[in-house]
Amino acid sequence: MSDADRNLPLSFLPLPTIAQQRITALLVLIAQAGIAVTGSVVRVTGSGLGCDTWPQCHPGSFTPVDGAAPALHQAIEFGNRLLTFVLVALTLALFLAVIRAGRRKAIVVLAFLNGFGVIVQAVIGGISVLVDLKWYSVALHFLPSMLLVWLAGMVYVKIQEPDDGREIRTYVKSLRMLSAASAVALAGTLVTGTMVTGAGPHAGDASVLPEDRLQLPITELTHVHAGFMYLYLGLAIGLVFGLIALNAEPGLRKLGWVLVGLIIAQGCVGMVQYWTGVPEALVPVHVAGSGALTAVTAIVWQLGWRRAGGTATVTGSPAGDAERAWDTAKAAV
């Protein structure tokens, strides 16, 4: 191979190793979940209209304006908006890394969707402000965040596998179906959770009127939400015992138990919220738990089939490894 023979795009960028790509993917995963937590802080502090328009913070200004709203509310809402740019930078870094390394199409598409989804989320967040934080707009802002966490969990697993490896099923079809069922139960838990929030006390801003909230009895909604959580927990426990029965790899079994533990912890937080009138401090904790559960469930599901073997163990792609070997040989001359 000569310098002229290189066919990987963005050859002016450093060639990232699998380890470097994995770290970037992990940061994206954490950030996708983290921005939902900061969004919940905006909500429980009543800062949702600290910036009362979008994309500007206030008419005629992209930054907070003295006296336009309480200073703390402006700082919290504007800070949350700034975090979007951090997430854009991380997802762009991930996308450029997998393109530079010449990774397979599935990884490139997942990396692209993570970045594109952030832009879509920013628009949805802007719409929720423009419609004065109607409950349905806030729900539609939260749920795509969890979808992006799921996609980030998938790419985190895939990015660690050599592209030229052979596809294998880590566990049998019946357990794959059980894993998929647990994901459906998680989705039901998340959707009903947004409905509980929509009917609950934390509207996101003091100007949001009671008639703007979801007009359904919160007690019944909470019971439905809890029912999905119990279903989710039961399916996760069944999956773990299935993995144990089939003697699945220890790391996968351990991750399954982590999932079960997280569901129980999340359920305990929800119960405390119910018994204590949904204190503000526990809302970000509950949202953080949702992100963690979504991430771990996605990883467990994605680990159901993997690429094993393969020779591209440095950058993940045969072309990237060949370029890396060429650079190493040239430097040794």
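Trainee: What supplies the area that the protein exposes?

Mentor: Carbon and sulfur atoms supply 72% of the roughly 15600 Å² that the protein exposes; accessible areas here come from the Shrake-Rupley method with a 1.4 Å probe, and for residues only the protein chains shown count as cover. Keep in mind that this is a predicted model, where local features need pLDDT of at least 70, side-chain atom pairs count only at pLDDT 80 or more, and totals for chains, interfaces and linings use all residues. Residues are numbered from 1 along each chain as its sequence is written, and side-chain values use heavy atoms, with hydrogens and water left out.

Trainee: Why does the radius of gyration agree with a compact globule?

Mentor: The rule is 2.2 Å times the number of residues to the power 0.38, taken over C-alpha atoms. For 333 residues that puts a compact globule near 20 Å, and the protein has 22 Å, so the two agree. Along its principal axes the C-alpha trace spans about 70 × 55 × 25 Å.

Trainee: Why is Arg324 called partly exposed?

Mentor: Buried means under 20% relative accessible area and exposed means over 50%, with partly exposed in between (1.4 Å probe, protein chains only). Arg324 has 31%, so it is partly exposed. By that scale, 47% of the 333 residues are buried.

Trainee: Where is Arg324 found, and which residues is it in contact with?

Mentor: Arg324 is found in helix α9, residues 318–332; helices (H or I, at least four residues) and strands (E, at least two) are DSSP runs, numbered from the N terminus. Leaving aside neighbours within four places in sequence, Arg324 is in contact with Leu15, Thr17, Val314 and Thr315, contact being heavy atoms within 4.5 Å.

Trainee: What makes Leu10 and Val278 worth a look?

Mentor: Their phi values. Most residues other than glycine have a negative phi, and most peptide bonds are trans. Leu10, in the segment before α1, has a positive phi of about 55 degrees. Val278, in the loop between α7 (250–275) and α8 (282–302), has phi near 55 degrees. Leu10 has a relative accessible area of 26%, so it counts as partly exposed, and Val278 gets that label at 25%.

Trainee: Which peptide bond is cis, and where does its proline sit?

Mentor: The bond from Trp54 to Pro55 is cis, with omega near 5 degrees. Pro55 sits in the loop between α1 (18–44) and α2 (71–100).
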